[in-house]
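Reader: I am new to reading protein models, and I would like to understand how the descriptive words are earned. Could you show me the structure and then take my questions in turn?

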Amino acid sequence: MALHLDAAPAALQGMLERLERKGKVRRLPTPPPCSHCGHCDTSVITFYEWIAPDDEDQTRRDDNVQS
């Protein structure tokens, strides 16, 4: 996200922590490092998942249904 938004990781971390306290995102466990390229430093990567409210989930499902 920091690269995509051209923002300081520390600034994003504060925003994500606030979203986590509000129940908008959930911190996920850090997966084990892959054995492919070795470029990912899992000690500095934090994974989050967006938590959509139930009514927002239903709206998205309704939007995906084609008549």
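Reader: Why is R26 called partly exposed?

Author: Please keep in mind that this is a predicted model. R26 has a relative accessibility of 41%, and because buried means under 20% and exposed means over 50%, R26 falls in between and counts as partly exposed.

Reader: Where does R26 lie, and which residues is R26 in contact with, leaving aside its neighbours within four places in sequence?

Author: R26 lies in strand β1, and once those sequence neighbours are set aside, its contacts are F47, Y48, E49 and I51. The C-alpha atoms of R26 and W50 are 6.5 Å apart in space, while the two residues are 24 residues apart in sequence.

Reader: What makes the pairing of E49 and R26 a salt bridge?

Author: The side chains of E49 and R26 come to 3.1 Å, taken from N to O, and a salt bridge requires a side-chain nitrogen of Lys or Arg within 4 Å of a carboxyl oxygen of Asp or Glu, so the pair satisfies the rule. This pair links distant parts of the chain, with E49 in strand β2 (residues 47–50) and R26 in strand β1, 23 residues apart. As for E49, its relative accessibility is 33%, so E49 counts as partly exposed.

Reader: How many salt bridges are there by this rule, and which residue forms one with E20?

Author: The count comes to two salt bridges. E20 forms a salt bridge with R27, and the closest N and O atoms of that pair are 3.0 Å apart, which is within the 4 Å that the rule allows. E20 counts as partly exposed because its relative accessibility is 30%, and R27 also counts as partly exposed, with a value of 38%.

Reader: Which residues form the positive surface patch, and what makes the patch positive?

Author: The patch is formed by R18, R21, K22 and K24, and it is called positive because Lys and Arg count as positive. One of these residues, K24, is found in the loop between α2 (9–21) and β1 (25–28). At 34% relative accessibility K24 counts as partly exposed, and this value also passes the patch requirement of over 30%.

Reader: Is P9 buried or exposed, and how do you know?

Author: P9 has a relative accessibility of 58%, and since exposed means over 50%, P9 counts as exposed. P9 is found in helix α2, and although P9 and V44 are 35 residues apart in sequence, their C-alpha atoms are 9.9 Å apart in space.

Reader: What is the phi of D6, and why is it worth a remark?

Author: D6 has a positive phi of about 50 degrees although it is not a glycine. The remark is made because most residues other than glycine have a negative phi. D6 lies in the loop between α1 (2–5) and α2, and its relative accessible area of 72% is over the 50% cut-off, so D6 is exposed.

Reader: What helices and strands does the protein chain have, and what share of its residues is buried?

Author: The protein chain has three helices and two strands, and from the N terminus on these elements run α-α-β-β-α. Buried residues make up 7% of the 67 residues, where buried means under 20% relative accessible area. The accessible surface of the protein chain comes to about 5900 Å², and 55% of this belongs to carbon and sulfur atoms.

Definitions and conventions. Residues are numbered from 1 along each chain as its sequence is written. This is a predicted model: local features need pLDDT of at least 70, side-chain atom pairs count only at pLDDT 80 or more; totals for chains, interfaces and linings use all residues. Side-chain values use heavy atoms; hydrogens and water are left out. Helices (H or I, at least four residues) and strands (E, at least two) are DSSP runs, numbered from the N terminus. Buried means under 20% relative accessible area, exposed over 50%, partly exposed in between (1.4 Å probe, protein chains only). Accessible areas come from the Shrake-Rupley method with a 1.4 Å probe; for residues, only the protein chains shown count as cover. Patches are made of residues with over 30% relative accessible area and no salt bridge: like charges are joined within 9 Å, nonpolar side chains (Val, Leu, Ile, Met, Phe, Trp, Tyr) within 5 Å. The place of a charge is taken as NZ of Lys, CZ of Arg, CG of Asp or CD of Glu. Contact means heavy atoms within 4.5 Å.
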